[in-house]
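Visitor: I'd like a close look at a single part of this one, with the rest brought in around it. Could you take me through it slowly?

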Amino acid sequence: MTASTPVRIDDTERIEVIKRLRRAEGQVAGVIRMLEAERDCREVVTQLAAASRALDRAGFAILAGGLRHCLEDPTGGGDPAELERLFLSLA
């Protein structure tokens with residue numbers, strides 16, 4: 001995968017990733033509101049952890065699609081080293 005390689009996940013996975021990202025977007029907005037309202041630290045951290053998990057899951061789903069693409073078409077220009085680097089950046 002190069003910088004110009006499109007995300008290669010099927011439509012169902014794409015919809016699920018978008019749902020996760022929208023959920024994370026709402027959770028981050030909630031964290032901001034909680035901080036502005038000076039809510040309890042535990043509540044803020046719990047909500048922030050949920051947003052972080054949603055982002056991680058979305059990233060891993062996108063990478064899994066890239067890995068599947070490389071396995072299905074190993075001559076298609078996918079760079080396993082690049083996928084590894086991206087995977088490790090999420091870990």
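In which helix is Leu55 found?

Guide: Leu55 is found in helix α2. Keep in mind that this is a predicted model. Helix α2 covers residues 41–72 and comes after α1, which covers 11–36.

Let's stay with Leu55 for a moment. Is it buried or exposed? Neither label fits: its relative accessibility is 42%, and that counts as partly exposed. If you set aside the neighbours within four places in sequence, Leu55 is in contact with Leu21 and Ala24. You can also look at the backbone from here: the C-alpha atoms of Leu55 and Arg23 are separated by 9.1 Å, with their positions 32 residues apart along the chain.

Now step back to the whole fold. The protein has 3 helices and 0 strands, and reading along the sequence gives the pattern α-α-α. The contact between Leu55 and Leu21 has company further along: of the contacts between residues at least 6 apart in sequence, 63% join residues at least 24 apart. Of the 91 residues, 20% count as buried. The protein exposes about 6400 Å², and carbon and sulfur atoms supply 58% of that.

Next, go back to the start of α1. Asp10 lies in the segment before that helix. Its side chain has a polar atom 3.1 Å from the backbone nitrogen of Thr12, and a polar atom of the Asp10 side chain lies 2.8 Å from the backbone nitrogen of Glu13. With a relative accessible area of 43%, Asp10 is partly exposed. There is a link back to α2 as well, if you like backbone distances: the C-alpha atoms of Asp10 and Ile62 are 10.0 Å apart, with the two residues 52 apart along the chain.

Moving into α1, you meet a salt bridge. Glu16 pairs with Lys19, and their closest N and O atoms are 3.4 Å apart. The two residues are 3 apart in helix α1, which means they are separated by about one helical turn. Glu16 is partly exposed at 39% relative accessibility, and Lys19 is partly exposed too, at 44%. As a general point, side chains of opposite charge can pair when their charged atoms come close.

Carry on to the loop between α1 and α2, where Glu38 sits. Its phi is near 55°, a positive value in a residue other than glycine. Glu38 is exposed, with a relative accessible area of 71%.

Right beside Glu38 in the numbering you'll find charged pairs. Arg39 and Glu43 meet through their side chains in a salt bridge, at 2.5 Å from N to O. Arg39 is partly exposed at 45% relative accessibility, and Glu43 is partly exposed with a relative accessible area of 36%. Arg42 and Asp40 form a salt bridge as well, at 3.1 Å from N to O. Here the two partners fall into separate classes: Arg42 counts as exposed at 63%, while Asp40 is partly exposed at 29%. Altogether the count comes to 3 salt bridges.

Then there's the nonpolar side of the surface. Phe60, Phe87 and Leu88 form a nonpolar patch, with about 280 Å² of accessible area together. Leu88 is found in helix α3, residues 80–90.

How far should you trust the picture? The mean pLDDT of the protein is 83, and 84% of the residues reach 70 or more. Confidence is highest in α1, at a mean of 93, and lowest in α3, at 78. Where pLDDT is low, the predicted coordinates should not be read in detail.

To come back to where you started: Leu55 is a partly exposed residue of helix α2, in contact with Leu21 and Ala24.

Key
Residues are numbered from 1 along each chain as its sequence is written. This is a predicted model: local features need pLDDT of at least 70, side-chain atom pairs count only at pLDDT 80 or more; totals for chains, interfaces and linings use all residues. Side-chain values use heavy atoms; hydrogens and water are left out. Helices (H or I, at least four residues) and strands (E, at least two) are DSSP runs, numbered from the N terminus. Buried means under 20% relative accessible area, exposed over 50%, partly exposed in between (1.4 Å probe, protein chains only). Contact means heavy atoms within 4.5 Å. Accessible areas come from the Shrake-Rupley method with a 1.4 Å probe; for residues, only the protein chains shown count as cover. Patches are made of residues with over 30% relative accessible area and no salt bridge: like charges are joined within 9 Å, nonpolar side chains (Val, Leu, Ile, Met, Phe, Trp, Tyr) within 5 Å. A salt bridge is a side-chain nitrogen of Lys or Arg within 4 Å of a carboxyl oxygen of Asp or Glu. pLDDT is the predictor's confidence in each residue, from 0 to 100. A polar contact is a pair of N or O atoms within 3.5 Å; within protein, one must be able to donate a hydrogen and the other to accept it, and residues adjacent in sequence count only if both atoms are side-chain atoms.
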